[in-house]
Amino acid sequence: MAQANSDIKYLTPIAVDIKKKKFCRFKKLGIKYIDYKDPQYLTRFINDQGKILPRRLTGTSLKYQKKVAQAVKRARQIALLPFVGDNLKENMGGNK
Amino acid sequence: MINQYETVFIMTPVLSEEQMKETVNKFEKFMLDNGCEIVNSENWGMKKLAYPIAKKTSGFYQLFEFKADGSFIKNLETQYKRDEKIIRFMTVTLDKHAIQYNEKRRQNRSEKKTSDNE
């Protein structure tokens with residue numbers, strides 16, 4: 001009496017996330033230098049707790065990920081970015 | 001070997017206006033005496049720090065961009081260490097992309113200033 005599995009109706013179709021082609025935004029925009037003095041721009045590369053986003057999420061190439069990491073660490077050194085932040089995006093007005 | 005550097009330092013907020021100016025001029029004079037060419041100097045004024053440094057939550061930021069010999073940086077940093085009004089400093093060498101970026105940044109800052117007071 002096994003019901004045919006076709007009877008099993010999913011309430012919502014299974015969300016197969018379509019593979020979004022990631023690209024390195026620095027190569028595309030031709031940015032050569034990431035400034036550590038501008039925390040507004042750097043908030044795009046850190047998450048809410050102030051951690052640097054990994055390459056697999058942002059899709060940046062290794063060369064520019066190192067520049068981003070260096071810039072974020074320098075900004076933390078001169079207290080433009082916190083080492084450990086909580087809900088950083090709200091109070092910094094982070095632009096996605 | 002002359003290359004281009006950029007130094008940022010933070011002063012304690014307890015200073016009065018002219019004390020802050022005086023420390024900035026002291027460093028500017030120190031640089032000029034030792035044969036540096038100051039390309040750009042910016043004062044960001046009192047800013048809130050992202051985390052407390054030396055129990056202070058805000059500080060005066062000052063930026064200097066200058067051309068200097070490599071050996072000069074060591075005595076500049078000993079000067080920073082000696083001065084107790086400075087709570088944090090950082091010196092960074094600039095490569096050619098950084099120099100280009102700073103020039104472009106200076107242009108739009110000056111444009112922004114002119115558009116401000118128009």
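**Note on the predicted model of chains A and B**

1. Confidence. Chain B has a mean pLDDT of 89, with 95% of its residues at 70 or more. This is a predicted model, and it scores ipTM 0.85 and pTM 0.80. Within chain B, confidence is lowest in helix H3 (residues 96-116), where the mean is 82. Strand E4 (residues 86-93) of chain B has the highest, at 93.

2. The largest nonpolar core. This core has 31 residues. Those with the most contacts inside it come from both chains: Phe26(A), Ile34(A), Tyr36(A) and Leu42(A), together with Val8(B), Ile53(B) and Tyr61(B). From chain A, helix H2 (39-42) and helix H4 (62-77) each give two or more residues to this core. From chain B, strands E1 (2-11), E2 (37-53), E3 (56-69) and E4 do so. H4(A) gives the most, with five residues.

3. Tyr36(A). Neighbours within four places in sequence are left aside here. In chain A, Tyr36(A) is in contact with Leu42(A), Ala71(A), Arg74(A), Ala75(A), Ile78(A) and Leu80(A). Across in chain B, the contacts of Tyr36(A) are Glu6(B), Val8(B), Met90(B) and Val92(B). Of these partners, Leu42(A) and Val8(B) are also among the residues with the most contacts inside the largest core.

4. The other core. Apart from the largest core lies another, of 19 residues. Its members include Leu15(B), Phe64(B), Leu76(B) and Tyr80(B).

5. The interface. Chain B puts 20 residues in contact with 14 residues of chain A. The area buried between the two chains is about 1,600 Å², and carbon and sulfur atoms give 66% of that area. Polar links are also present: two salt bridges and eight residue pairs in polar contact, both residues being at pLDDT 80 or more. On the side of chain B that touches chain A, E1, E2, E3, E4 and H3 each supply at least two residues. E2(B) gives the most to that side, with six residues.

6. The Lys37(A)-Glu6(B) pair. One salt bridge joins the side chains of Lys37(A) and Glu6(B), at 2.8 Å from N to O. The pair crosses between chains: Lys37(A) is in the loop between helix H1 (25-29) and H2 of chain A, and Glu6(B) is in strand E1 of chain B. Are these two charged partners buried or exposed? Both Lys37(A) and Glu6(B) are buried. Glu6(B) is also one of the contacts of Tyr36(A).

7. Salt bridges within chain B. The whole structure holds nine salt bridges over all chains. Glu17(B) and Lys21(B) form a salt bridge at 3.2 Å, N to O. They are separated by about one helical turn, because they stand four residues apart in helix H1 (residues 17-33) of chain B. Glu17(B) is partly exposed, at 45% relative accessibility, and Lys21(B) is partly exposed too, at 43%.

8. Arg105(B) and Glu42(B). The closest N and O atoms of this salt bridge are 3.3 Å apart. Arg105(B) is in helix H3 of chain B and Glu42(B) in strand E2, so the pair ties together parts that lie 63 residues apart in sequence. Both Arg105(B) and Glu42(B) are buried. Note that helix H3 is where confidence in chain B is lowest.

9. The network. Salt bridges with shared partners join Asp35(A), Lys37(A), Glu6(B), Glu42(B), Arg105(B) and Arg109(B) into one network. The pair in point 6 and the pair in point 8 therefore belong to one network.

Definitions and conventions
Residues are numbered from 1 along each chain as its sequence is written. Chains are lettered from A and ligands numbered from 1 in the order in which they are written. Side-chain values use heavy atoms; hydrogens and water are left out. pLDDT is the predictor's confidence in each residue, from 0 to 100. A nonpolar core is a set of buried Ala, Val, Leu, Ile, Met, Phe, Trp, Tyr and Cys residues joined through side-chain atoms within 4.5 Å. Buried means under 20% relative accessible area, exposed over 50%, partly exposed in between (1.4 Å probe, protein chains only). Contact means heavy atoms within 4.5 Å. Buried area is the accessible area (1.4 Å probe) that two parts lose on being put together, summed over both. A salt bridge is a side-chain nitrogen of Lys or Arg within 4 Å of a carboxyl oxygen of Asp or Glu. A polar contact is a pair of N or O atoms within 3.5 Å; within protein, one must be able to donate a hydrogen and the other to accept it, and residues adjacent in sequence count only if both atoms are side-chain atoms.
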